[in-house]
Amino acid sequence: MPDLARRVTVLDLAAAKRDRRPFTMVTAYDWPTGQLADAAGVDCVLVGDSVAMVVAGRSSTIPATLEQMIYHGEIVSRAVSRALVVVDLPFPLQHLGVRTAVESSARLLKETGCQAVKLEGTAGQADIIAGIAAAGIPVMGHVGLRPQAVHQLGGYRMQRDLDRLMADAEAAAHAGAFAVVLECVPQEAAATITRSLSVPTVGIGAGPHCDGQVLVMHDLIGLSSGRVPRFVRAYADVQATVGDALARWRRDVENRSFPGPDETLG
Ligand code: KIV
């Protein structure tokens with residue numbers, strides 16, 4: 001996005017697709033990660049329900065609650081002044097009817113100060129997306145690998161059924177989603193869907209042909225524990241840097257070289 005002085009909007013993402021300018025989205029969960037993403041000029045900051053795994057050490061995103069999303073979303077929204085802030089609707093709020101989904105999305109918007117919500121779903125959630133959009137709440141779809149449905153999908157695996165992927169993505173777009181995340185789909189499928197959709201696609205493990213790219217911040221900076229997906233490129237090794245700093249500080253305390261005269265107040 002060229003204008004660094006004002007907030008990125010959903011119209012900017014539509015323009016990026018039109019102009020074939022790739023855009024970026026990264027997750028953030030707290031004040032420092034929100035500020036770092038914004039300062040780096042990232043276009044969208046996603047307060048993902050991946051917070052349950054990345055920050056809370058859970059084995060899936062399923063335990064994330066609306067209250068937790070509001071807590072993290074509010075902090076990130078205050079930390080970010082330029083990027084479009086998107087907060088995930090946690091499981092199972094998009095499956096309990098339009099009223100519950102609109103009420104929960106409205107809480108995310110009102111109580112966090114974010115600009116949009118995201119929900120995972122198939123064509124079966126089109127009425128939910130339509131209801132949220134009709135309430136004036138920008139909503140992003142999420143198809144392909146839907147981590148909230150990991151047990152139904154049989155694991156975190158590539159989704160290859162092009163007809164199904166196309167039907168889910170088109171249903172989200174027709175229902176009023178302003179963009180659709182494509183997670184873990186073959187690059188040819190992502191290219192076909194991206195060409196067919198009038199709204200931008202945002203890929204994660206979906207190859208280079210999507211309109212935008214999204215990654216989990218902790219994967220991107222090398223701060224994730226456990227297995228990192230093959231589609232990630234780590235641009236830093238924060239785990240090694242922080243681990244080394246902590247070990248050096250512990251050694252300095254143990255050998256009485258910390259605190260030294262400079263760190264001693266009188
Ligand atoms: O929760 C999340 O971090 C996400 C991204 C992986 C797109 O939904």
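How far is an oxygen atom of the ligand from an N or O atom in the side chain of Lys118? In this predicted model, the separation is 2.8 Å. Two further side chains offer N or O atoms to the ligand in a similar manner: for Ser50, the distance to a ligand oxygen is 2.5 Å, and for Asp88 it is 3.1 Å. With the protein in place, 95% of the 260 Å² of accessible area that the ligand has on its own is covered.

It is worth walking around the rest of the site. Besides Ser50, Asp88 and Lys118, the residues around the ligand include Thr27, Leu46, Gly48 and Asp49. His142, Ile204 and Val216 complete the list. Sorted by class, this shell contains three nonpolar, four polar and three charged residues. As for the space that the ligand takes, it is the largest pocket of the structure.

Attention can now turn to contacts between charged side chains. Side chains of opposite charge can pair when their charged atoms come close. The structure holds twelve salt bridges, and one of them links Arg99 to Glu103, with 3.2 Å between the closest N and O atoms. Both residues belong to helix α5, which spans residues 98-112. Because Arg99 and Glu103 are four residues apart in that helix, about one helical turn separates them.

The backbone also has a few places that reward a closer look. Most residues other than glycine have a negative phi, and most peptide bonds are trans. Against that background, the peptide bond from Phe91 to Pro92 is cis, and its omega is near 5°. Pro92 is found in the loop that runs between β3 (84-88) and α5. Asp88, whose side chain has an N or O atom 3.1 Å from a ligand oxygen, falls within the range given for β3 (84-88).

A cis peptide bond is also present between Phe258 and Pro259, where omega is about -5°. Pro259 is located in the segment after α11 (238-254).

Finally, Arg20 is a residue other than glycine with a positive phi, near 55°. Its place is the loop between α1 (10-18) and β1 (23-27). The range of β1 (23-27) takes in position 27, and Thr27 is among the residues around the ligand.

Terms used:
Residues are numbered from 1 along each chain as its sequence is written. This is a predicted model: local features need pLDDT of at least 70, side-chain atom pairs count only at pLDDT 80 or more; totals for chains, interfaces and linings use all residues. Side-chain values use heavy atoms; hydrogens and water are left out. A residue is near a molecule or strand if one of its heavy atoms lies within 4 Å of it. A polar contact is a pair of N or O atoms within 3.5 Å; within protein, one must be able to donate a hydrogen and the other to accept it, and residues adjacent in sequence count only if both atoms are side-chain atoms. Accessible areas come from the Shrake-Rupley method with a 1.4 Å probe; for residues, only the protein chains shown count as cover. On a 1 Å grid over the protein atoms alone, a cavity is a set of points where a 1.4 Å probe fits but cannot get out, and a pocket is an open set with protein on both sides within 12 Å along at least five of seven lines; lining residues have an atom within 4 Å of a point. A molecule sits in a cavity or pocket if more than half of its atoms lie within 2 Å of its grid points. Ala, Val, Leu, Ile, Met, Phe, Trp, Tyr, Cys and Pro count as nonpolar, Asp, Glu, Lys and Arg as charged, and the others, Gly among them, as polar. A salt bridge is a side-chain nitrogen of Lys or Arg within 4 Å of a carboxyl oxygen of Asp or Glu. Helices (H or I, at least four residues) and strands (E, at least two) are DSSP runs, numbered from the N terminus.
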